[in-house]
Structures are given as structure tokens and as C-alpha cells.
Amino acid sequence: MSTTLDQKPGTSTDLPREFMVSVELYIPTTASLGLRKPTVSHRKIDHKEHVKSVEDAPKRIKEKPSWRSLSRSAAGTIQWRPATCKVLDEDGSCLLNIYMDETILYQTIYLHMLSHTDIRHADPSMFFRKDCIGIFSAGGQRWSSGAGSEPIYIHFDDADACNTWLVLLKSYARPEIYGQTFFPSDGGLYRMWRQVELTVMQGRNLGNQKIFVDASASSVTLGEDSRSEFDPVDFDVFCEIHLGDNICGRTTVKKGIGSPDWHEHFLFTDLPPFEALEILVWKEKRVVKTTLLGSIRIALANFRRSEDVEGWFPVTQSSGIVTGMQVGEIRMKLRVNEEIILPHSSYSGILTVLHTRNILEWMHDFEPKFQLRTLSEQLMYFAIAKNVLVEHITEYADREVDGTPSSHSTLFRGNTIFTKTMELAMAFYGRVFLEASIGKIIRQLCFEKIAIEIDPNRSGKSAKDVEREVEQLVEWCQAIWDSIYANRGNCPHEMRRLFEHVRKLVENRYKKKDGQNTQNRELPWQSVSAFCFLRFIVPAILHPHLFGLTPGLPSTAVQRSLTLIAKVVQSLANLNATVQKEEYMRGIKDFLQQNLPAMVDYILVVSTPIPDTYSPHSGHPAFSHQRLKVVNSLHQRGSVMPILEREAIPLLPHVLDIPRHLACISSSLVRSARLAASKTKSVAKGDHLSDLCARCFEVEEIGLQRVSQLATVESHPLALEWDVPQPPVTHETSQSPPSPTSPISQRRQRSPRPATAPSLSDQTLPSPSSRDLSTLRRGSVPEIYPQKLSTFPERQALHTIGRPRFLRPKSISADSISTFVARSTEAHAPSPSTHSLGSQDSTLMGGFDESSRKMKNIFNGLLTRR
């Protein structure tokens with residue numbers, strides 16, 4: 001289903017009007033008081049049968065209350081109740097009805113009144129559950145049987161059902177499109193996409209109070225009487241992440257003494273216009289109510305875009321008797337992304353150049369020349385959406401295997417573009433497969449805090465104690481291997497194709513005319529295990545938190561147990577039970593010899609393709625009748641949608657957005673090309689990379705023209721009132737990128753792309769008037785009053801779109817620029833633009849009067865480059 005939605009509908013002509021699915025619904029404590037309790041069976045159970053069922057049942061992780069409370073002041077425990085979701089597609093409107101006990105209507109959501117950003121994946125840290133969707137709706141956008149107004153969280157049985165319903169719900173909501181009246185055929189000028197990546201790494205001095213000293217203020221010296229002695233007490237700490245008014249994630253609970261280590265990663269995508277990111281640090285103690293220790297508040301509106309910012313952030317108290325006190329620091333890494341996405345046709349030049357080469361060849365060029373490792377994922381997503389990733393990887397694999405006798409020992413062991421892309425592909429396709437293989441057993445090991453140490457030099461234990469440790473190690477290794485082997489049939493079709501190609505490629509390159517020796521006979525199997533185990537399963541055992549298998553970083557003792565288990569499993573994958581580097585690892589020799597035949601069978605199974613489970617002709621249960629109904633509905637409705645609105649609906653089954661991935665590739669290349677130009681690095685003219693950069697600059701020019709057109713037309717009525725002529729849109733294509741500048745000095749040159757905050761390459765001395773224009777950046781707008789909404793183009797588009805449209809009062813797009821142009825031009829008089837243009841553009845610019853230059857410079861200040 002990696003095709004666009006503008007294809008012709010199938011043979012069915014009747015549009016499905018209802019969609020139903022069974023889910024689990026999160027019920028807040030306050031809302032659960034008015035609901036009927038779920039029925040519980042009171043059938044008598046024999047005591048022996050009960051004990052046996054308890055022993056056979058898998059052990060579940062007991063969640064701490066602080067992890068389970070949705071709101072910061074919530075009391076009690078959360079409840080997950082079975083529910084039924086029904087989507088009713090009625091004329092011009094769409095309703096999502098949520099039923100409890102199959103008949104009791106609990107909530108009704110007016111989907112046609114929501115935005116795309118109101119429907120998004122819920123972070124797994126919220127409830128220790130994957131495959132959850134959060135719906136954020138205001139009071140007028142839903143009906144509820146109770147008085148609660150909290151977000152709605154729905155849990156699905158599997159990732160496929162979750163993705164299908166996410167796309168279905170988004171297809172009835174409103175994408176964030178601007179300038180809908182300018183291009184009726186496209187449905188607008190552009191749309192917006194935002195994302196925040198946050199890694200909470202470490203804390204220090206948590207609970208140690210001192211006066212907070214702002215870096216921009218004068219230094220403050222604390223006297224002996226004003227210092228707060230830090231008394232190390234036994235308390236636990238955890239963090240809650242809030243975006244706007246909603247909690248979006250939380251860390252695990254760590255000991256507050258010393259430097260608690262989290263190293264937990266959070267990804268929040270499809271976000272509404274940026275407000276503020278707030279990290280609340282809570283402390284809890286036994287028999288004491290959980291209290292707020294302090295908070296970190298970060299204004300995202302002016303935060304640098306598309307760059308990693310890492311450092312120690314002060315935790316300050318904002319409530320209580322004494323405010324402004326610093327109570328510790330937390331080390332975090334933050335990346336804020338915001339992209340303007342144009343119609344798919346605007347990226348035709350980029351697509352033409354990308355299709356001339358293998359995707360892996362582009363990755364090979366990006367890393368050494370531009371240090372763009374982050375682009376590898378975007379290129380991979382693009383190839384997956386086009387359904388060409390597997391073909392490109394297999395084509396590139398032929399270059400990695402030369403067949404020489406000296407290369408067999410190091411085959412696929414180095415970090416090349418091929419091996420790195422294989423890692424990305426396995427991590428993308430194999431998430432569900434990895435969870436089924438080792439997720440449950442790894443969480444059980446971490447929850448029980450299993451500590452295994454078989455090295456007598458480390459533990460100082462006697463020989464008999466070491467033997468018991470070895471037996472425990474073998475038991476856990478056997479349990480993990482049994483789980484891995486039992487799920488061999490769940491290996492995804494794409495991974496099977498890749499493994500099959502690697503196995504057959506090695507067989508053909510290393511076969512001998514006079515027969516094969518034992519080493520060459522096992523080499524094809526070892527080549528498959530070099531990817532499936534060495535680069536996928538074993539790293540997940542070593543670092544389960546990086547693969548989403550556990551909520552946080554394991555303790556030191558548990559990490560040692562995982563390391564020993566990973567060594568044993570990797571030895572089994574190498575098909576060599578006799579070679580053990582450490583003497584104390586000799587005890588697992590019997591385990592390896594017993595399971596070698598099963599490992600060979602496992603490798604053969606995962607390297608043998610099966611029919612694609614996502615193909616409608618496969619007959620696999622995963623492609624159910626309900627999912628086919630949703631896909632057919634998307635195709636039929638997409639054929640009559642405007643282009644931008646249709647392209648804003650993600651593609652199934654992997655929820656990908658081709659124009660968004662192309663926008664990320666384009667903006668990253670433009671930034672890197674300008675940064676390379678500022679460091680006197682040049683890209684050779686006439687090669688593939690220079691052609692791609694040229695196409696990316698053309699896309700940047702198109703984006704600038706569209707945002708400029710929107711802001712200029714909105715400003716035109718005000719310009720007539722001031723007797724200021726409307727400045728025309730220039731069509732300049734930058735052949736040699738200008739040197740980086742600060743966001744303030746952008747008034748003096750043409751802004752290379754619409755953005756909201758500076759980047760690391762934008763570091764020059766600010767101009768004296770920077771304080772005035774800073775309040776006009778997108779994202780820094782203080783408020784848009786409802787009475788001014790009637791002047792926006794979206795108000796005129798209400799009659800052109802089939803369903804009603806609603807505007808957000810705090811939209812931070814170019815649509816809200818004109819409201820503040822009059823106020824800003826009266827506040828300051830920006831200097832004329834001094835950016836050098838071509839001869840034709842210079843002639844045009846020379847015809848502008850001083851008032852026209854004011855309007856132009858204000859607009860350039862709004863569109864600060866990333």
C-alpha cells in the first residue's frame with residue numbers, strides 16, 4: 001500500500017460509511033466513578049488449578065503510581081476498559097462514537113472539526129503500552145457522558161490496526177494547510193509539519209537548592225547563610241514531559257542521590273504550532289506524597305531548528321514560598337524540526353535526480369561531504385514509500401562480496417553504507433518481530449533484577465557458587481533462545497528477502513569447483529547471522545531501552561547479566577561452540593552444542609521468503625476485511641480531495657509521507673551546502689550531488705515565493721491604506737549560496753527559506769533593531785484575536801471545501817503575518833535590503849520606493865533562516 005491516494009478507485013462503487021474496531025480505552029479516575037464496573041466471573045476455581053495457572057502466567061511489570069497517573073495531580077489508578085470505536089461518515093461530517101460494554105455511548109468526537117495534529121501516536125512511556133493513539137479535542141469538538149476534558153487514549157491489538165485507524169481518523173480531520181484560496185487545484189500553498197526529539201540523559205545535584213543565576217544577568221555570590229546544605233536523602237525522582245497543556249511522556253523512576261542516569265529518548269511528531277516544552281521533575285518518598293521538585297521550561301518558538309542542542313538545563317522552582325531557586329540540573333539533548341511541505345509536484349526535480357542512482361550511493365555521498373547522517377533515515381523512508389528499498393540494498397550488496405579467500409573472516413563485519421542501511425532496514429521492518437522474539441523475556445529479567453556473574457575475579461565467589469551462576473545463565477539463555485526460535489516464522493517478508501539474497505550471494509561467490517569445505521559450507525549461514533543477530537537481536541539484548549523493549553536504562557547488575565546472555569547468543573549465532581575467549585565461559589559449551597542444529601534451521605527459515613503479508617492477494621489474516629475496507633475508502637475519497645489535503649494523509653501500511661521526507665531532504669541539503677560554502681568547501685560542478693543541491697535550491701525558492709505570496713496578498717489591504725505599493729515577487733535562483741547570517745541580519749538579504757529560529761551557522765553580530773523584529777517571528781506571535789480571523793483567506797475557503805473549517809487562534813504560520821505588519825512598521829523603520837541580486841532582479845528592486853522596502857524587510861525578518 002505504498003502508493004498514492006490519487007489512484008482510481010477499485011471495482012467497488014459503494015463508499016463504506018461505517019468502520020468499527022474493538023479497542024481498549026483509557027478511563028480517568030474521575031470519569032470511571034460514573035461508569036458501571038466491568039463484570040467479573042465468580043465461577044469457583046479449584047485451588048490447585050488456580051496455583052498452576054498463576055505459575056504458568058507470565059509475570060507482568062508492576063507499574064509505580066507515578067508512572068500511571070496521567071495528570072500531575074491525579075489520584076488513584078488508571079483503568080483500561082474494553083470499548084468499541086465506530087466511525088460514521090455522514091454528509092459533510094464525520095463522527096467517532098466510543099461505546100462501553102458495546103451499547104453505552106461514552107464519547108462522541110466530531111472528527112471533521114479536529115486538526116491532523118489533534119490525532120497522533122501516544123508515546124509508549126505514558127502507559128507502558130505501544131500501539132496507542134491520543135485524540136486531543138476541545139469542549140466544542142466532542143460530546144461526553146461525563147464532565148472530563150482530558151485527551152482520549154485508545155489502545156489497539158497490534159501495530160497494523162493502530163496505523164490503519166490513525167490514517168483513517170486523520171483522513172477526516174483537517175490538515176494544517178495555508179493559502180487555500182490561491183491554488184484551488186492544489187488545495188493551498190503549503191502545509192506545515194513539526195517534530196520534537198528529546199533525550200533525557202542525566203541529572204545532578206537534584207534537591208540541592210541555590211539561587212538561580214541567569215547567564216545573561218550579573219553574577220550573584222551566595223553567602224554562607226544563604227547556602228542550602230545538601231542533605232543526601234533517600235528519595236526517587238522522575239520527569240514528566242509536557243507540550244503545551246498536555247502531558248506527552250514520562251521517564252522511569254531513579255534514585256535521586258548522586259547523578260541519576262536515564263538516557264531515555266522521546267519522539268513527538270505531528271505537533272501543533274509550538275508553544276513551550278516543559279519538563280517537570282518530581283520527587284517521591286515512601287509514605288510521603290509525591291511533590292514537585294522543580295521544572296525546566298523551554299520556549300520552542302525561537303529554538304534552533306534541525307540541530308541537536310545538548311547541555312545541562314537548570315531545574316528551578318516556580319511555586320512555593322521561595323521562587324527562582326535552582327534545585328539541580330538535568331542534561332538533555334533536544335532537536336526541534338519544523339518544515340514547510342509543498343505539493344508533491346514541486347519536488348519533481350529532486351525526484352528526477354534521486355531516481356538516477358541507488359539510494360545507498362546517495363547515502364555514501366552525504367556522510368563524507370556533508371556529514372549528514374540524519375538524512376539516511378529520510379532517504380530510507382522515501383525508498384520504502386516507493387517500494388524500492390529492498391531492490392536497492394540487494395543491488396548494492398553485490399559490491400560488498402568479492403569472493404576472495406581473505407575476506408570471508410571479515411565478511412559484513414565492518415561499518416559500511418551497506419551494513420548501516422541493513423541495520424536501519426531491520427530496525428524499521430523488524431520492530432514487531434523483535435518485540436515478539438525477546439521483548440517479554442527481557443522485561444521479565446529486568447523486572448526481577450536478575451544479577452548473574454560467572455567471572456570469579458569480579459565476584460570473588462567460590463567454585464560451587466560460580467557453577468550455580470553458570471546454571472542460572474544457561475537457564476535464561478535457554479529461555480531467550482526458545483522465545484527467539486518460536487517466533488522464527490514471524491520474520492517480516494522484507495527481511496527474509498534481504499537475508500535470502502545475502503545467503504545466496506555468499507554461496508555463489510565462495511563455492512569451490514572441487515567441493516566445499518566445512519568453513520565455506522557454514523559461511524552463508526554465518527553471513528545471515530551477521531545481520532540478524534550481530535546487528536539486530538544481540539544489540540537489542542545488550543541495550544533493550546534503545547530498541548523500545550524496556551522503559552529505561554537497566555541497572556548495572558542487570559546490564560551485566562544482559563551482556564553475558566548476549567555473548568552466549570552471539571556464540572550460538574556464529575555456529576562455533578568450541579571457541580570461548582574467557583575461561584569462565586566454558587560452562588555453556590553444552591548449551592551451544594545442543595542448540596546448533598536449531599540455529600541452522602532458524603537461519604534457513606528467516607532467509608526463505610514467504611508471500612507479502614501486506615499484499616491483498618496473499619490471503620494472510622493480517623490483511624483483514626476491515627483493513628481492506630479502510631484502504632478502499634481512502635482511495636475513493638482521495639480521488640476527490642484537493643492535492644495538498646490528499647497528500648497530507650499518510651500512506652499505509654507504514655504511515656509514511658513522501659512530500660514530507662522530500663522536504664526534510666531538501667532543507668537539510670540546503671543548510672549543509674550553505675554551511676560548506678561558508679567553510680570554503682565546494683561541491684564539484686556537474687556531478688550528481690551538485691545537481692541534487694541545485695534542485696533543492698529551486699525547491700527552497702518555490703517555498704519562499706509561496707510564503708511571500710501569502711504574506712504579500714494579506715498585507716495588500718493595509719498597504720493601500722498607507723499608500724504603499726505591493727512589492728512584486730522576485731524569481732531569484734541562488735547559484736552560489738550566500739554566507740550564513742544571523743536571523744536578525746536576514747532583513748538585509750533575501751531569506752533562503754521560511755523558518756522560525758537560527759541555526760549554528762547563523763552566527764553574526766546582531767543589528768541594533770533585532771529586538772523589534774524578534775517579536776514578529778513565526779512562533780513568537782503573542783495572540784491573534786478572533787475578530788481578526790475574518791480577514792484571513794481560510795475564511796473565504798469555507799465555501800470551497802466540502803466540510804466546515806475552523807481556525808486556531810494561535811496559528812503561527814505565514815497566514816497570521818499580516819495582522820502584525822501594521823503594528824510592527826510603526827514600531828521601527830528597518831534598513832533597506834543590501835543583498836546583492838542579479839541584474840534583472842536589481843532593476844526590479846531599484847523601482848521600489850522606501851515604503852515597499854519596509855514591507856519587504858519586515859517579511860524577511862519573519863522568515864529567518866534555519
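## A walk through the rings, strands and helices

Let's start where a charge meets a ring: the charged end of Arg637 sits over the ring of Tyr172, at 3.8 Å from the ring's centre. Keep in mind as you look around that this is a predicted model. A similar kind of arrangement turns up at Tyr485, where Arg488 lies over the ring face, 3.9 Å from the centre of the ring.

Tyr485 has an aromatic partner too. Trp481 and Tyr485 make a tilted aromatic pair, with 5.8 Å between the ring centres and 45 degrees between the planes. Why is that called tilted? The angle of 45 degrees is neither under 30 degrees, which would count as stacked, nor over 60, which would count as edge-to-face, so the pair falls in the remaining class. Where do the two residues sit along the chain? Both belong to helix H12 (residues 463–486), and because they are 4 residues apart there, about one helical turn separates them. Are they buried or exposed? Trp481 has a relative accessibility of 2%, so it counts as buried, while Tyr485, at 24%, is partly exposed.

While you're at H12, find helix H15 (residues 556–573). The axes of these two helices come within 10 Å and cross at roughly 60 degrees. That angle makes H12 oblique to H15. As for handedness, the crossing of H12 and H15 is right-handed.

Now back to the rings. How many aromatic pairs does the structure hold? There are 15 of them. One is formed by Phe127 and Tyr153, and this pair is edge-to-face: the centres are 5.1 Å apart and the planes are at 70 degrees to each other. The pair ties together distant parts of the chain, since its two residues are 26 residues apart. Phe127 is in the loop between strand S5 (119–121) and strand S6 (132–135), whereas Tyr153 belongs to strand S8 (residues 152–155). Buried means under 20% relative accessible area, so Phe127, at 4%, is buried, and Tyr153, at 2%, is buried as well. These two residues also belong to something wider: ring pairs link Tyr26, Trp80, Phe127, Phe136 and Tyr153 into a cluster.

Next, look for strand S19 (residues 325–341). Is it mostly covered or mostly open? It is mostly covered, with 15 of its 17 residues buried. S19 pairs with strand S10 (residues 190–204): the two run antiparallel and are joined by 13 bridges. To find one spot where they meet, look for Thr199, whose bridge partner in S19 is Lys333. S19 also pairs with strand S18 (residues 309–316), again in the antiparallel sense, over 7 bridges. Here Phe313 stands opposite Ile330 of S19.

Finally, let's see which residues come together from separate places in the sequence. Glu18 lies in strand S1 (residues 18–27), and with a relative accessibility of 39% it counts as partly exposed. How far is Glu18 from Lys629? In sequence they are 611 residues apart, but in space their C-alpha atoms are 9.6 Å apart. For another pair, go to helix H17 (residues 625–638), which is home to His635. This histidine counts as buried, because its relative accessibility is 11%. His635 and Arg646 are 11 residues apart along the chain, and 9.7 Å separates their C-alpha atoms.

Conventions: Residues are numbered from 1 along each chain as its sequence is written. This is a predicted model: local features need pLDDT of at least 70, side-chain atom pairs count only at pLDDT 80 or more; totals for chains, interfaces and linings use all residues. Side-chain values use heavy atoms; hydrogens and water are left out. Rings of Phe, Tyr and Trp (its six-membered ring) pair if their centres lie within 6.5 Å; planes under 30 degrees apart count as stacked, over 60 as edge-to-face and the rest as tilted. Buried means under 20% relative accessible area, exposed over 50%, partly exposed in between (1.4 Å probe, protein chains only). A charge sits over a ring if NZ of Lys or CZ of Arg is within 6 Å of the ring centre and within 35 degrees of the ring normal. Two strands pair if DSSP finds at least two bridges between them. Axes are lines fitted to C-alpha atoms, for helices over the stretch in contact, and angles run from 0 to 180 degrees between N-to-C directions. Angles under 35 degrees count as roughly parallel, over 145 as roughly antiparallel, 65 to 115 as roughly perpendicular and the rest as oblique. A crossing is left-handed if the near helix is turned anticlockwise from the far one by less than a right angle, and right-handed if clockwise.
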